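Let's take a walk through this two-chain model together. Keep the viewer open as you read, and turn the structure whenever a residue is named.

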Amino acid sequence: MNEQLQYLSKKVADGHMTRREFVGRAVALGVTAAAANMMASQAQADGHATPKRGGMMKIGSSGGESTNTQDPALTASEVPLNNLRSWGETLVEVNKEGGIEFRMAESVEASADAKQWVFKIRKGVPFSNGKEMTADDVMKTMERHSNEDSQSGALGIMKGIAGMKVDGDNFVVDLETPNADLPYLMADYHLMIQPGGGMDNPGAGIGTGPYTIEIDEPGVRHAFKRREDYWDSENRGWADEVEQLVLNDATARTAALQSGQVHVINRVDPKVAALLGRAPNLTVESVAGRGHYVFIMHIDTAPFDNNELRLALKYAINREEMVDKILRGYGSIGNDMPINASYPLFDASIPQREHSIEKAAEHYKKSGHDGSPIILRVADGAFPGAVDAAALFQQSAQAAGIPLEIKREPNDGYWSEVWNVQPFCASYWGGRPVQDQMYSTAYLSTADWNDTRWKRPEFDDMLNAAKAELDEAKRKEIYSKMGRMLREEGGLILPMFNDFVAGVSDKIGGWENDPNGPVMNNFSHVKCWLNDA
Amino acid sequence: MHPILKLVAQRLALGILLLFAASILIFGGTMMLPGDVAQQILGQSATPQALENLRAELGLNEPPVSRYFSWLGGILQGDLGTALTNGRDIAESLSGRLKNTLFLAFWAAVISVPLAIFLGLLAVRYKDRWPDKLISGVTLTTISIPEFMIGYVLIYWISIQLGWFSSVAIINDSMSLGQKLNAIAIPVMVLTLVVLAHMMRMTRAAILNVMQSAYIETAELKGMGMLKIISKHAFPNAIAPIVNVVMINLAYLVVGVVVVEVVFAYPGMGQYLVDHVTKRDVPVVQACGLIFAAVYICLNLIADIVSILANPRLRHPK
């Protein structure tokens, strides 16, 4: 940053210059508007670096319905997830740098073969019902999510666990096969530690988090009050009260932020993000995440069992155009593998696939496809802008002589009738904290959600080898090989990674972009504070 | 028995039969939708085992017919049951939502019905002159614009630019009446603009029809003022069609405002129903369906009774 910019930043930090003035001057100095906005936010954040306690923070979120519950096992969308973060905590969390942060566990140790993991449970942490959290509660929680009658969304990641036991203050996990990433699995948001594992009343909302539930009206609003006996009050839970309003309509959300009725909103529509950013007293925050929008082919079904045809389609898609027109620049291009630079151990030397009509035509010719239409199924709900993206794909495929035909499906029932059923459709993935988890979830031969039917014993072997490998350089090499293999032969066409875009009022302090999830990995109301509280 | 009482009794019996028919239709309709409640709860992250466990717990493995009759048995004992998705008592969550829906509909009706009738009378008084054309033009324009669009435009001007009223209409029991009215001010405006034209045009047409009659001419020849003729002689005779259209609009205000609820995040029954349809939560859908059907049946009954009372020939049948 040059001297002039530093001077301007200081003025913003001291409150002598508005963000809008700063952006104007910075752009005049040759900085892009997006970068200038970021600098302004940074400067403001520096100026308000001391947390303040008190006040009522309001967040407006999409992703809530009147059918929601407080049971962590059944949580699958953003509003209930924000609720979980208010009253509950997990053993560990993944921080914004991709490292492990210890919460209910104080430390963790692995055996040399990474098959046994010992979590030392933190002492003196009270649940909101007054009882102290123990290793036994941790054990019961994990049992509830992994036993035979479990309906938990975390059931899949609990599969590799052979046995669990309590040993004094320790919680011990034995694995069937070694897994160097086990702590990352324990950061899954379903695994909120509940008293007695929440077996008797899973939706009671009793946990070790900074807030307790005051009002619980699913699909309308959820209100929380700060706990006086919260164990980590020096670092979290600044506002006295938190209220989450369910605002599923995108315009209702932006209007509520603009008129000052809420302080933070999630999922700002990329179409309006640039316009919203120009409004006074708020900032549009975007962070590159691991979530991605995809077109997936079943590689065991004709005509997608032909790798030449798969390559033809991969070359035919125009990635830059999609990021530009579908994400309006709030995202980055993909490389037909579900991993990007946001993941630890990512190999940046894997070549980027370029859009090439000639190569697409060449591979299409080699595939010997009979010219019958290739049907791509898509619905609005597959990902925001999915229908438009499919139309762009169709056009660029047509230029290469590939007869792509779009079949529009209803949103209703898309995830049960089309996705993971039909051989070629649009979909999205939210990403996972580590490569192992992403690959295990959707690219292992035995994975329930193997939505491209990618079943390669050598790939599974590499995945297991990487799991057991504690040497990071060697693991990185294995992951690189796996990525290249999937990119070359997989059924995944991955044109773009989407950013998480949020709208944040200038009254909010302590905002930090976190690639693990939207709105600071759904911690905004727990970690931020009100500047004028 | 008095003929009106007889009619009411007949209509009520018929209404109950209609409610049964509606409940069967709703049940069948939700059965025909792809996927079931277990699949919808677990969504993209469903594993076959989790699905099986959830289905067993929710009793979805029972045949549909026996599920319908066990639901019916509950209803006859006044038990609406619990929601499959979050295990809450349906009667309890529904009553709050119903109260909100009626609250919004009430205030929208209190403003729109008198306004529509007054504007209709005014339009007749100044038939084919500029006030008539202005009233018709404006109301027909607002009915032609989609309601979410009117909502967005009003939010932009009134809430964001002027800062007068809230753009989020979430209300709750701890708010005072004033706060509640402030919260629903913009949705009420939107609904008023949406229902105004229909009622206004019907009032105008019905009264104009009556104005052709000989007794209106007599009144005119007596030297009565125009507005007085309309309100004293024409309006009582035109009341039947007006009441009918008013009731249709009231029913719309209760059951048809889901778009407005979404735009303003209003916690009414429409959004509640849509959420549960998406999740295939049949008991809740059934309960909502019954209430909506009952609202229609009751309002229609009222419309019929009022038109009979307004007509002396029907009131005193020979």
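A residue counts as buried here if 20 or more other C-beta atoms lie within 10 Å of its own, as exposed if 12 or fewer do, and as partly exposed in between. By that count, buried residues make up 52% of the 533 residues in chain A. Please bear in mind that this is a predicted model.

**The two chains side by side**

Here are some overall values for each chain.

| Chain | Helices and strands | C-alpha box along the principal axes | Buried residues |
|---|---|---|---|
| A | 18 helices, 19 strands | roughly 70 × 60 × 45 Å | 52% of 533 residues |
| B | 15 helices, 0 strands | about 85 × 60 × 35 Å | 37% of 318 residues |

Chain A has 18 helices and 19 strands. Its radius of gyration is 24 Å, close to the 24 Å that the globule rule gives for 533 residues, so chain A is as compact as a globular protein of that length. Counting contacts in chain A between residues at least 6 apart in sequence, 71% join residues at least 24 apart. For chain B, 72% of the contacts between residues at least 6 apart in sequence join residues at least 24 apart.

**Where the chains meet**

How many residues of chain B are in contact with chain A? There are 39 of them, and they touch 38 residues of chain A. Five helices of chain B each supply at least two residues to this side: α2 (37–42), α3 (48–58), α7 (147–161), α12 (258–264) and α13 (269–278). The largest share, 5 residues, comes from α3(B). Sorted by class, the side of chain B that touches chain A has 19 nonpolar, 17 polar and 3 charged residues.

**The core and a bent helix**

In soluble globular proteins, nonpolar side chains tend to be buried together. In this model the largest nonpolar core has 213 residues, and those with the most contacts inside it are A:Ala312, A:Ile402 and B:Ala265. The element that gives the most to this core is α8(B), with 16 residues. Leaving out residues up to four places away in sequence, B:Ala265 touches residues of chain A including A:Leu245, A:Val246 and A:Leu247, and residues of chain B including B:Val168 and B:Ile170.

Helix α8 of chain B, residues 177–211, is worth a closer look. The helix has 35 residues, yet its end C-alpha atoms are only 42 Å apart, short of the 51 Å that a straight helix would reach at 1.5 Å a residue. You can find a bend of about 50 degrees at B:Ile184, and a proline, B:Pro187, follows within four residues.

**Some spots to visit in chain A**

A:Val94 sits in strand β2 (residues 92–94) of chain A. Is A:Val94 buried or exposed? A:Val94 is buried, because 24 other C-beta atoms lie within 10 Å. Its contacts beyond four places in sequence are A:Ile100, A:Tyr184, A:Ala187, A:Pro433 and A:Asn516.

Most residues other than glycine have a negative phi, and most peptide bonds are trans. A:Ala114, in the loop between β4 (105–110) and β5 (116–121), has a positive phi near 60 degrees. With 18 C-beta neighbours inside 10 Å, A:Ala114 counts as partly exposed. A:Asp336 also has a phi near 60 degrees, and lies in the loop between β13 (331–333) and α11 (357–367). A:Asp336 is buried, with 24 other C-beta atoms within 10 Å. Finally, a cis peptide bond joins A:Ala302 and A:Pro303, with omega about 0 degrees; A:Pro303 lies in the loop between β12 (282–297) and α9 (307–316).

Technical notes
Residues are numbered from 1 along each chain as its sequence is written. Chains are lettered from A and ligands numbered from 1 in the order in which they are written. This is a predicted model: local features need pLDDT of at least 70, side-chain atom pairs count only at pLDDT 80 or more; totals for chains, interfaces and linings use all residues. Two residues are in contact if their C-beta atoms, placed from the backbone, lie within 7 Å. Ala, Val, Leu, Ile, Met, Phe, Trp, Tyr, Cys and Pro count as nonpolar, Asp, Glu, Lys and Arg as charged, and the others, Gly among them, as polar. The expected span of a helix is 1.5 Å times one less than its number of residues. The bend at a residue is the angle between axes fitted to the seven residues ending there and the seven starting there. The radius of gyration is taken over C-alpha atoms; the globule rule is 2.2 Å times the number of residues to the power 0.38. A nonpolar core is a set of buried Ala, Val, Leu, Ile, Met, Phe, Trp, Tyr and Cys residues joined through C-beta atoms within 7 Å.
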